[in-house]
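Work through the exercises below with the structure open. Try each task before reading its solution.

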Amino acid sequence: MTAASTTSPTSKTPAGTAMIEISNVSKAYRTDTIETLALQKMNLTVASGEFLSIMGPSGCGKSTLLNIMGLIDEPTEGTVSLAGHKITSYNGTDIARFRNEQLGFIFQSFHLINDLSVVDNVELPLLYRKVGSRERRRLSLEALEHVGLSNRATHFPNQLSGGQKQRVAIARAIVGRPNIILADEPTGNLDSHMGDEIMDILLKLNSELGTTIVMVTHDERMARKTHRLVRLSDGERVS
Amino acid sequence: MFKNYLLLSLKVLKRKPFYTFISLFGISFTLTILMLITSLFDATLGNNQPLTHRDRLVIAPSLERTRTETDTILAVDTLQLKDGTFRLDSTYTYEDDIVSTSNGPMSYNFADKNLRNFENVEHYAFYSDGNHIDGYLDGRKYSFQAYYTTASYWDVFDFSFQFGGPFYQEDEDQATKVVVITDKSAEAYFGVADASVIGQDMMLGDEVFRVRGIIDRPLTDSPLFAGDVYMPCTTLNNRDLSSTELYGGFSAVFLAPTPGQRSALQEEINFMSQNFEMPPDSYHDALELFNSPFIEGYAQGLLNERDPDKAMRLLFIPIVLLLLLFVALPLLNLINLNIGRVHERKSEIGVRKAFGANARDILYQFIFENLVLTFIGGAIGLLFALGLISYINKNDILGITRLSYSTEVFVYFLLVIIFFGFLSGILPAYRMSRANVAESLR
């Protein structure tokens with residue numbers, strides 16, 4: 001993955017062009033005695049600026065697909081292209097930089113660092129860029145403002161409600177202005193009211209900033225709010 | 001970035017007080033002991049006054065006379081002859097050589113005649129140690145360890161004079177009754193160790209000596225300078241000085257011009273002793289003048305071992321092994337604790353990697369955190385060590401030897417801390433830095 005370093009963190013691919021291309025991707029998990037196919041010959045293209053949701057029963061390969069899109073898991077077969085760059089290696093400094101500049105993650109269980117304050121959590125992606133501490137702080141507060149949590153900047157994650165934690169996680173995902181946000185069941189741990197709030201933020205991000213969003217969900221109601229819904233079953237795309 | 005790491009390190013330490021306590025206890029206890037050992041080494045073998053030139057010293061504490069004879073065994077047999085008579089038959093069997101030895105310090109006369117003409121020498125001194133002398137003042141008696149030395153003794157050893165100065169060649173030549181005393185002796189005898197003591201008289205034995213100087217008590221109790229009072233050797237009674245025996249109460253110490261010339265000096269000394277002509281009436285037929293550099297001499301004296309190389313091996317190999325073992329145990333324990341600690345933070349590592357941290361960032365973060373922990377442990381250990389050193393010195397727990405606290409010790413200490421922090425952190429950090437991100441976030 002050598003071309004990644006040439007991409008600017010704020011550059012946007014023109015709307016309508018392919019932001020994510022998954023071609024013939026398979027993923028097998030092997031143990032000594034058994035091989036499990038999590039994904040089979042998957043093909044999927046996500047356009048720039050698109051908000052795509054992925055649904056399917058547990059164990060159908062939704063999260064595996066999302067991880068492969070996010071370059072945090074490696075396909076057994078097939079190719080992945082992100083923002084026009086074909087991924088050829090899943091290790092090393094270049095891929096870390098590419099993840100840092102192009103991708104933002106939102107997890108079902110938030111994955112905030114409890115020992116850091118809200119604003120320090122949001123700053124995290126910027127720590128791995130050459131951004132001065134003042135600029136980091138400014139951008140982080142701006143991201144918190146965006147999700148309506150600027151008044152909680154100095155709080156710690158365990159002082160927040162589930163919805164607030166997820167908003168911090170969104171702020172962390174957008175602070176580096178990535179082209180793509182990958183959200184793995186972002187409303188899964190929240191009640192419907194909080195879930196709606198989070199969904200509204202994601203929709204706003206998508207429409208206002210043009211960020212490409214891929215969201216894994218179990219919630220049909222949330223999925224219907226997105227541009228397109230892809231259904232998986234047993235590692236295969238069924239719609 | 002480092003602020004973030006530091007902040008996180010401190011928070012992680014606060015989050016797990018028991019883990020932090022165990023880790024800090026292990027680190028600080030180990031470092032305290034290591035610092036005491038280093039300090040003891042520095043006090044005993046370090047470059048401290050009066051041993052600033054220790055790497056140029058050759059010490060000749062004693063000499064040995066030997067006589068080598070071939071062992072002969074006489075066997076007497078009784079033979080019965082055919083005619084019924086008996087005959088005695090004797091057989092001599094020659095066995096290995098038997099070496100008879102006799103050793104001890106040399107006489108002043110021997111040193112004076114044979115040890116003054118070496119080429120590779122800058123200064124040399126003869127001194128008589130181990131003399132007990134009583135001091136008297138106002139009806140009270142004080143016991144002192146007395147050293148009788150040549151004036152050049154003060155050139156060989158760079159004592160730190162608090163007040164006054166040494167005695168000189170003319171004092172030696174004229175057998176002037178002057179004395180240089182340690183600060184501790186001054187305090188014991190005069191009640192104070194200040195400038196007022198210089199020029200005062202001390203009743204030592206049955207003679208009066210005038211105080212010429214007050215020296216700092218050396219850090220260690222080396223037999224080279226274990227005296228409380230030092231007087232010109234010529235003030236000893238005449239019998240001690242003029243005895244023509246080889247043995248007496250004196251030892252010699254030489255200062256080579258450079259450390260490199262030390263072995264040449266030793267060769268000269270050995271050449272002298274190998275070619276020494278034994279007195280015609282002597283039972284012994286050869287002479288050896290023991291001589292060795294300072295540290296080798298220390299090892300030989302401590303272990304009573306003649307071979308300097310063997311003495312060094314016997315002294316230092318067990319010490320190094322023990323130290324390694326002593327460091328290894330808490331180190332392994334810390335590595336184990338760290339593996340558990342890092343494992344608990346799997347999800348954090350996953351998040352960091354997902355948001356752009358590479359393996360090197362994770363490695364640096366955990367090593368940095370570990371260094372913070374070891375530096376805190378080190379600071380506690382340092383405070384404990386300083387307290388213990390002060391307690392040991394104040395109460396003379398190690399006899400004359402006083403532990404030192406020097407920049408050198410502090411540098412060793414810092415190195416040990418860095419070594420500790422780095423080694424105990426690198427393995428767990430390396431393992432986690434290679435962890436699969438998806439796996440870590442599961």
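**Exercise 1. A helix and its neighbours**

Against which elements of chain B do the buried residues of α9(B) pack?

Solution. This is a predicted model.
- Step 1: locate the helix. In chain B, α9 covers residues 294-303.
- Step 2: pick out its buried residues. They are B:Phe294, B:Glu296, B:Ala299 and B:Gln300. Buried here means under 20% relative accessible area.
- Step 3: consider the spacing. An α-helix has 3.6 residues a turn, so residues three or four places apart point the same way.
- Step 4: list the partners. The buried residues of α9(B) pack against two helices of chain B, α2 (17-45) and α10 (308-344), and against the strands β1 (57-60) and β13 (292-293).
- Step 5: look past the helix end. B:Asn304 follows α9(B), and its phi is positive, near 55°.

**Exercise 2. Two domains in chain B**

Describe the contact between the domains of chain B.

Solution.
- Step 1: set the bounds. The domain assignment gives domain 1 of chain B as 2-48 + 312-441 and domain 2 as 108-255.
- Step 2: count the residues in contact. Domain 1 of chain B contributes eight and domain 2 of chain B six.
- Step 3: place the centres. The C-alpha centres of the two domains of chain B lie 47 Å apart.
- Step 4: take the area. The two domains of chain B bury about 800 Å² between them, and 46% of it is on carbon and sulfur atoms.
- Step 5: sort the side of domain 1 of chain B that touches domain 2. Two of its residues are nonpolar, four are polar and two are charged.
- Step 6: check for polar links. Between these domains of chain B there are zero salt bridges. Residue pairs in polar contact, both at pLDDT 80 or more, also number zero.

**Exercise 3. The interface of chains A and B**

Which three residues of chain A supply 31% of the area that chain A buries against chain B?

Solution.
- Step 1: count the contact residues. Chain A places 25 residues in contact with 25 residues of chain B.
- Step 2: take the area. Chains A and B bury about 2200 Å² between them, with 60% of it on carbon and sulfur atoms.
- Step 3: name the three. A:His111, A:Asp115 and A:Tyr128 supply 31% of chain A's buried area, more than any other three residues.
- Step 4: check for polar links. Chains A and B share zero salt bridges. Six residue pairs are in polar contact across the interface, both at pLDDT 80 or more.
- Step 5: find the elements. In chain A, α2 (93-102), β6 (103-106), α3 (118-127) and α5 (162-174) each supply at least two residues of the side that touches chain B.
- Step 6: sort by class. That side of chain A has 13 nonpolar, six polar and six charged residues.

Terms used: Residues numbered from 1 in each chain as written. Chains lettered and ligands numbered in written order. Predicted model: local features only at pLDDT ≥ 70, side-chain atom pairs only at ≥ 80, totals over all residues. Heavy atoms only, no water. Domains from an automatic or database assignment. Contact = heavy atoms within 4.5 Å. Buried area = accessible area lost by both parts, 1.4 Å probe. Salt bridge = Lys/Arg side-chain N within 4 Å of Asp/Glu carboxyl O. Polar contact = N/O pair within 3.5 Å; in protein donor to acceptor, adjacent residues only side chain to side chain. Nonpolar A, V, L, I, M, F, W, Y, C, P; charged D, E, K, R; others polar. Buried < 20%, exposed > 50% of the residue type's maximum accessible area, 1.4 Å probe, protein only. Helix = DSSP H or I, 4+ residues; strand = E, 2+ residues; numbered from the N terminus.
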